[in-house]
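Here are my notes on this model, set out as numbered points. They begin with the ligand and move on to the sheet and the backbone.

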Amino acid sequence: MERRQVLQLLAASASALAFAPARPASAAAATAATAAAGGQPRKVVVIGAGILGAAIGYELSKRGAEVTILDRAGPAAATTGDSFAYLNASTKASSRPYYTLNWLGMAGWHAWQNEPGAPLPLKWAGSVYWRDDAAKARQVAETLATVRGWGYAGQPVDAAQIRRLLPGVTVPGAPTGTFYPEEGSVDPAEAVRALLERAQQHGATVRYPVEVTSLIVEDSQVRGVRTKDGELRADTVVIAAGHGSQALAESLGVALPLTASTGILVHTAPQPHFLDKVVFASHNTFRQKVDGRVVISGSGHEGGGGPGSSPEEIGRGILASAAQYLPQLRDAEIERVSFGQRVLPGDSFPIVGFAPKVSQLYVAVSHSGVTLAPVIGRWAATEILDGARVDLLDEGFRPDRFA
Ligand SMILES: Cc1cc2nc3c(=O)[nH]c(=O)nc-3n(C[C@H](O)[C@H](O)[C@H](O)COP(=O)(O)OP(=O)(O)OC[C@H]3O[C@@H](n4cnc5c(N)ncnc54)[C@H](O)[C@@H]3O)c2cc1C
């Protein structure tokens, strides 16, 4: 079977899964569906225009809801704009439900790619991993064995194969590693702008800078939001505000424990195209965006630099380390060094669904939010508009687990 057919099959089977009948509605969600069936489109305010807010806003507006997306800064102004944005499920091998969710997220990007509207800056050329350290190389091989057992496409590769897969990259030594041919990446800020444009074509309103200062609650039901510009009434409010989500939810007594961890990335000026894959070399992770810019981190996703170093020094340090793989970029112009704040839920798993205590308040917060955006967007729309309850989200991803 050709690679393109494999990817189409992946997208088709995931679409089928994504549209699989959901479980019967909870009482609160059933009320939502009844109200929506009353003739008027359901009014939904989405707080946050990062990747999750854009995804949910797009899916809701596609389904006919009257959507307003608000952001206190602008599209992709927070974590999403600083994301590495690797689309994968192979790094989720520690939990089968989480892996499945991410696999559906990858498939959802394929489905979005085939939908009309602003194009999405995606690359689907796979990823290559290798580690010099024997114990870490064993981990890479174990992960491959686990995800292959779940039906994921991946294969072991030797040094010669790695070099053939990465003609623009210097591969020192004789490492062995893994190639995942169906993984990809997306340019996250551009993807947010495209999704917002698509949502607007379906009638959504996008407003920024508009900060939501509090939520309007009457009779234990959310009725809208207060902003510095005034109130906005809604049937449902979605909190997709990344690190801003905790304060909003907790102001209503809804526990939403989040922590942050910093991920440093160097963003070079556009370069001639030489790399189509995502690369996890022993000491650096890198990929080239559709616009030619190269994004590089230090070990894993962490970046590096001594205490007190300036962003420029940290960036130069990362480029110097990466020069063992990318000598042509040693002196490349650095456009930006980003210090992204990962949104990490208390137990590291996504928090998606109606909040406890307050009716019609929906929450969507996650790490790996770029991979997961399509599936979280689609299922949030299913739960909000159809009053259904998607069963995979009950496998450890609901907000009430922190109650
Ligand atoms: C270095 C790094 C590498 C990463 N690598 C990957 C990866 O390879 N793959 C992957 O899938 N994920 C990755 N992630 C994680 C991913 O980027 C995040 O999970 C995702 O971007 C979160 O998106 P979000 O929409 O939830 O939050 P954000 O992008 O933070 O968006 C929230 C928005 O809400 C707005 N907001 C907040 N409070 C309010 C308020 N009160 N009123 C109005 N607006 C408000 C903010 O301005 C912001 O724009 C990485 C993250 C980092 C930092």
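1. The ligand has an oxygen atom that lies 3.0 Å from a backbone N or O atom of Leu52. Please keep in mind while reading that this is a predicted model. At Asp71 the side chain takes part: one of its N or O atoms is 2.6 Å from an oxygen atom of the ligand. Phe84 contributes through its backbone, where a polar atom is 3.5 Å from a nitrogen atom of the ligand.

2. How much of the ligand does the protein bury? The ligand taken alone exposes 1000 Å², and 98% of that is buried by the protein. Helix H3 (51–62), strand S18 (334–345) and helix H10 (369–386) are the elements that each give two or more residues to the surrounding shell.

3. There are 37 residues around the ligand, and those that come nearest are Asp71, Thr80, Ser83, Ser366 and Gly369. Sorted by class, the shell has 17 polar, 15 nonpolar and five charged residues.

4. Which domains supply the shell around the ligand? Domain 1 (3–83 + 189–256 + 346–402) and domain 2 (123–183 + 260–345) each provide at least three of its residues.

5. Turning to the sheet: six strands make up an open sheet with mixed pairing, and their order is S9-S2-S1-S13-S20-S19. Strand S9 (205–207) and strand S19 (351–354) are the edge strands, each of them pairing on one side only. On average, neighbouring strands of this sheet are turned by 15° against each other, direction ignored.

6. Within this order, S1 stands beside S13. Strand S1 (residues 43–47) and strand S13 (residues 236–239) run parallel and are joined by four bridges. As an example, Ile47 has Ile239 in S13 as its bridge partner.

7. Two backbone details deserve a look. Most residues other than glycine have a negative phi, and most peptide bonds are trans. The bond between Tyr208 and Pro209 is a cis peptide bond, with omega at about -5°. Pro209 sits in the loop that runs between S9 and strand S10 (212–218), and S9 is one of the edge strands of the sheet described above.

8. The second detail is Ala85, which is not a glycine but has a positive phi of about 60°. Where is Ala85 placed? Ala85 belongs to the loop between strand S2 (66–70) and strand S3 (86–87). Strand S2 is also a member of the six-stranded sheet, listed between S9 and S1.

Definitions and conventions. Residues are numbered from 1 along each chain as its sequence is written. This is a predicted model: local features need pLDDT of at least 70, side-chain atom pairs count only at pLDDT 80 or more; totals for chains, interfaces and linings use all residues. Side-chain values use heavy atoms; hydrogens and water are left out. A residue is near a molecule or strand if one of its heavy atoms lies within 4 Å of it. A polar contact is a pair of N or O atoms within 3.5 Å; within protein, one must be able to donate a hydrogen and the other to accept it, and residues adjacent in sequence count only if both atoms are side-chain atoms. Accessible areas come from the Shrake-Rupley method with a 1.4 Å probe; for residues, only the protein chains shown count as cover. Ala, Val, Leu, Ile, Met, Phe, Trp, Tyr, Cys and Pro count as nonpolar, Asp, Glu, Lys and Arg as charged, and the others, Gly among them, as polar. Domain bounds come from an automatic or database domain assignment. Two strands pair if DSSP finds at least two bridges between them. Axes are lines fitted to C-alpha atoms, for helices over the stretch in contact, and angles run from 0 to 180 degrees between N-to-C directions.
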